[in-house]
Amino acid sequence: MNFATKAIHAGVEPDPTTGAIMTPIYQTSTFVQASPGQHKGYEYARTHNPTRTALQQNLAALENGRHGICFASGLAATDAILKLYRPGDEIVVSSDLYGGTYRIMTRVFQEFGLVFRFVNLADTAQLETALTPATKMVWIETPTNPLMRLVDIAGVAAITRAKGIQLVVDNTFASPYLQNPLDLGADIVVHSATKYLGGHSDTVMGAIVLNDDDTAQRLAFIQNACGAVPGPQDCFLVLRGIKTLHVRMQRHCENAMAVAQYLKQHPKVAHVYYPGLPDHPGHELAQRQMRGFGGMLSFELTGDSLADATQVMERIQVFSLAESLGGVESLCTHPASMTHASIPKEERAKNGLRDTLIRLSVGIEDSQDLIADLAQAIG
Ligand SMILES: *Cc1c(COP(=O)(O)O)cnc(C)c1O
């Protein structure tokens with residue numbers, strides 16, 4: 001099946017007891033057994049829930065993977081992946097990444113003895129120098145958050161595969177509609193389903209998709225043993241969100257391109273970071289690796305004044321100033337004080353993340369209204 005058909009149908013069967021076409025919200029904690037151990041595949045809802053099963057199968061299909069595993073949040077999914085490793089194991093991480101991912105690595109798992117090396121993997125050559133015999137995993141985001149750098153998934157995978165190192169890709173920004181890391185050689189895909197998959201800013205959830213049966217079993221064990229599972233109502237919401245993922249993503253891409261082109265020619269805008277612009281350093285890679293350029297972009301005003309940037313973020317009206325991304329409505333974020341505040345200022349600066357950077361999650365409203373809003377806010 002092709003993507004749009006999978007988004008609507010994969011993993012979803014009419015309810016066998018009533019014929020309901022939509023997957024019911026199985027709001028139950030336990031399942032009745034006819035005789036001890038004799039059940040219909042469901043015992044206790046931390047371990048399995050039918051609404052979650054439908055979503056997990058749907059997500060696996062969208063990422064062209066064998067196994068889908070859902071978690072209470074994107075960071076709960078990240079937490080489960082990091083629990084695959086042992087003290088002394090080294091993990092190389094692309095340095096431009098989601099603040100919460102940086103925080104769980106440096107403030108939680110570093111305490112338990114995992115070793116993290118942050119390098120700019122937009123330059124694949126930097127990977128080789130960061131690897132040691134203890135390296136067990138490479139973690140990348142692409143496009144990166146918030147500077148929209150592109151990392152060459154197939155290029156990185158060629159290196160990790162040869163050395164037996166696991167490659168994990170956070171595919172939240174692209175969504176499976178625009179990019180399928182497993183097809184490019186990655187071992188594990190992780191999502192904050194809170195963002196484009198859910199798509200309506202009404203739930204928090206995470207997901208992992210992978211092919212390897214053993215690792216999938218270990219992750220399912222961690223999911224059950226540690227317990228960070230999503231509730232059935234949230235699984236229903238994400239399942240419903242995914243049914244329009246392809247249609248939403250098309251419009252996110254169109255609108256983001258229109259907004260990027262508008263900002264690009266604005267005399268008060270110094271820099272626009274959007275992989276769809278021909279002068280973006282990752283433009284050609286994005287054309288090769290993605291099926292569109294996505295709905296996320298960042299920009300800086302001329303003069304590099306925090307007061308000017310703040311004024312834009314206070315004046316916007318159609319855009320809302322809020323953390324998060326990927327919903328139907330347009331959002332504007334100040335990474336330095338919001339999504340990336342958990343990364344120390346010096347680390348941010350080393351990475352090229354200025355305090356004056358403004359990040360936009362371009363929604364699916366009318367693009368003319370979005371542009372008019374930015375025009376009045378920038379002045
Ligand atoms: C939001 C986000 C996360 C964390 O997901 P939660 O659902 O908020 O826990 C991880 N990675 C990226 C790229 C994100 O945008």
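Colleague: In this predicted model, which residues of the largest nonpolar core touch the most other members?

Modeller: In soluble globular proteins, nonpolar side chains tend to be buried together. Here the largest nonpolar core holds 66 residues, and those touching the most other members are Leu55, Val259, Leu263, Leu297, Phe299 and Leu360. The element giving the most to this core is helix α10 (residues 245-264), with eight residues. Domain 1 (3-242) and domain 2 (246-378) both contribute residues, so the core lies between them.

Colleague: Which residues does leucine 55 touch, if residues up to four places away in sequence are not counted?

Modeller: The partners of leucine 55 on that basis are Cys70, Met205, Cys235, Val238, Leu239 and Ile242. Apart from the largest core lies another core, of 29 residues, including Tyr102, Ile104, Ile188 and Ile208.

Colleague: How should leucine 59 be read, as buried or exposed?

Modeller: A residue counts as buried when its relative accessible area is under 20%. Leucine 59 has 3% relative accessibility, and therefore counts as buried. Leucine 59 belongs to helix α2 (residues 50-62). Leaving aside neighbours within four places in sequence, leucine 59 is in contact with Cys70, Leu197, Ala207, Val209 and Ile242.

Colleague: How many residues apart in sequence are leucine 59 and proline 176, and what is their C-alpha to C-alpha separation in space?

Modeller: Leucine 59 and proline 176 are 117 residues apart in sequence, while their C-alpha atoms are 8.7 Å apart in space.

Colleague: I should like to turn to the domains. Which domains does the assignment give, and how far apart are their C-alpha centres?

Modeller: The domain assignment of the protein chain gives domain 1 (3-242) and domain 2 (246-378). Their C-alpha centres lie 26 Å apart. The contact takes 43 residues from domain 1 and 42 residues from domain 2.

Colleague: What area is buried between domain 1 and domain 2, and what part of it do carbon and sulfur atoms give?

Modeller: Buried area is what two parts lose in accessible area on being put together, summed over both. Between domain 1 and domain 2 it is about 3300 Å², of which carbon and sulfur atoms give 59%. On the side of domain 1, Tyr177, Leu178 and Tyr196 lose the most area to domain 2, together 23% of what that side buries.

Colleague: How many salt bridges and how many residue pairs in polar contact are found between the two domains?

Modeller: The rule finds zero salt bridges across the interface of domain 1 and domain 2. The count of residue pairs in polar contact between the domains is 20, with both residues at pLDDT 80 or more. As for the elements involved, α1 (3-9), α4 (99-109), α6 (153-163), α7 (175-178) and α9 (232-242) each supply at least two residues of the side of domain 1 that touches domain 2.

Colleague: Helix α4 also holds threonine 106. Which backbone oxygen lies 2.8 Å from a polar atom of the side chain of threonine 106?

Modeller: That backbone oxygen belongs to tyrosine 102. Threonine 106 has a relative accessible area of 16% and is therefore buried.

Colleague: Where is threonine 144 found, and which side chain does its own side chain meet in a polar contact of 2.3 Å?

Modeller: Threonine 144 is found in the loop between β4 (135-141) and α6. The polar contact of 2.3 Å joins its side chain to that of aspartate 96. With a relative accessible area of 3%, threonine 144 is buried. Not counting residues up to four places away in sequence, threonine 144 touches Asp96, Arg149, Val151 and Phe173.

Notes
Residues are numbered from 1 along each chain as its sequence is written. This is a predicted model: local features need pLDDT of at least 70, side-chain atom pairs count only at pLDDT 80 or more; totals for chains, interfaces and linings use all residues. Side-chain values use heavy atoms; hydrogens and water are left out. A nonpolar core is a set of buried Ala, Val, Leu, Ile, Met, Phe, Trp, Tyr and Cys residues joined through side-chain atoms within 4.5 Å. Buried means under 20% relative accessible area, exposed over 50%, partly exposed in between (1.4 Å probe, protein chains only). Helices (H or I, at least four residues) and strands (E, at least two) are DSSP runs, numbered from the N terminus. Domain bounds come from an automatic or database domain assignment. Contact means heavy atoms within 4.5 Å. Buried area is the accessible area (1.4 Å probe) that two parts lose on being put together, summed over both. A salt bridge is a side-chain nitrogen of Lys or Arg within 4 Å of a carboxyl oxygen of Asp or Glu. A polar contact is a pair of N or O atoms within 3.5 Å; within protein, one must be able to donate a hydrogen and the other to accept it, and residues adjacent in sequence count only if both atoms are side-chain atoms.
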